[in-house]
Amino acid sequence: ADTTTLKDHVANHIENYNETPETLTADAGYGSEENYTDLEAVFGNIKHNMNFKRFMLRGIDKVNVEIGLVAMAHNLKKYSLAL
């Protein structure tokens with residue numbers, strides 16, 4: 001979860017880029033419209049372009065693994081396009 005890994009990620013970012021990460025604006029907290037529109041594109045891409053509409057497995061542990069694989073595929077696809 002993001003809440004348990006944030007400190008490590010920020011420390012790694014500072015170490016790798018010698019700068020602190022940009023902060024969100026005060027009104028861009030959880031549930032803000034700005035964050036919603038950013039996430040909407042990700043979920044739209046996963047649903048439409050990757051044709052992921054339903055979980056194939058049942059049970060919270062299996063669903064966590066399945067969504068983790070989908071998220072990794074999305075990130076790898078995005079990373080490969082950036083190269």
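Biologist: How do you know that the reach of helix 3 is close to what is expected?

Modeller: Helix 3 has 23 residues and spans 33 Å from its first C-alpha to its last, and 33 Å is also the expected value at 1.5 Å a residue. The expected span is 1.5 Å times one less than the number of residues. This is a predicted model, in which local features need pLDDT of at least 70 and side-chain atom pairs count only at pLDDT 80 or more, while totals for chains, interfaces and linings use all residues. Residues are numbered from 1 along each chain as its sequence is written, and side-chain values use heavy atoms, without hydrogens or water.

Biologist: What makes the pattern of the protein chain α-α-α?

Modeller: The chain has three helices and zero strands. Helices (H or I, at least four residues) and strands (E, at least two) are DSSP runs, numbered from the N terminus. Helix 1 covers residues 2-17, helix 2 covers residues 33-49 and helix 3 covers residues 60-82.

Biologist: Why is Asn 45 of helix 2 called buried or exposed?

Modeller: Asn 45 has a relative accessible area of 19%. Buried means under 20%, exposed over 50% and partly exposed in between (1.4 Å probe, protein chains only), so Asn 45 is buried. Leaving aside residues up to four places away in sequence, Asn 45 touches Met 50 and His 74, where a contact means heavy atoms within 4.5 Å. His 74 is itself one of the buried residues of helix 3, together with Val 63, Glu 66 and Val 70. In the whole chain of 83 residues, 12% count as buried.

Biologist: What makes Val 10 buried, exposed or partly exposed?

Modeller: The relative accessible area of Val 10 is 28%, so this residue of helix 1 is partly exposed. Val 10 and Pro 21 are 11 residues apart in sequence, and their C-alpha atoms are 7.0 Å apart in space.

Biologist: Why is the one aromatic pair of the structure called stacked, tilted or edge-to-face?

Modeller: The structure holds one aromatic pair. The rings of Phe 52 and Phe 55 have centres 5.3 Å apart and planes at 85 degrees, so the pair is edge-to-face. Rings of Phe, Tyr and Trp (its six-membered ring) pair if their centres lie within 6.5 Å; planes under 30 degrees apart count as stacked, over 60 as edge-to-face and the rest as tilted. Phe 52 is buried at 17% relative accessible area, whereas Phe 55, at 31%, is partly exposed.

Biologist: What is notable about phi in Asn 18 and Asn 51?

Modeller: Asn 18 has a positive phi of about 55 degrees although it is not a glycine. Phi of Asn 51, also a residue other than glycine, is positive and near 55 degrees. Asn 18 lies in the loop between helix 1 and helix 2, and Asn 51 in the loop between helix 2 and helix 3. With relative accessible areas of 71% for Asn 18 and 57% for Asn 51, each counts as exposed.

Biologist: What makes the nonpolar surface patch?

Modeller: Val 65, Leu 69 and Met 72 form this patch of about 300 Å². Patch residues have over 30% relative accessible area and no salt bridge; like charges are joined within 9 Å and nonpolar side chains (Val, Leu, Ile, Met, Phe, Trp, Tyr) within 5 Å. Met 72 lies in helix 3. An α-helix has 3.6 residues a turn, so residues three or four places apart point the same way.

How values were computed
Areas by Shrake-Rupley, 256 points an atom, 1.4 Å probe, with all protein chains shown as cover. Salt bridge = Lys/Arg side-chain N within 4 Å of Asp/Glu carboxyl O.
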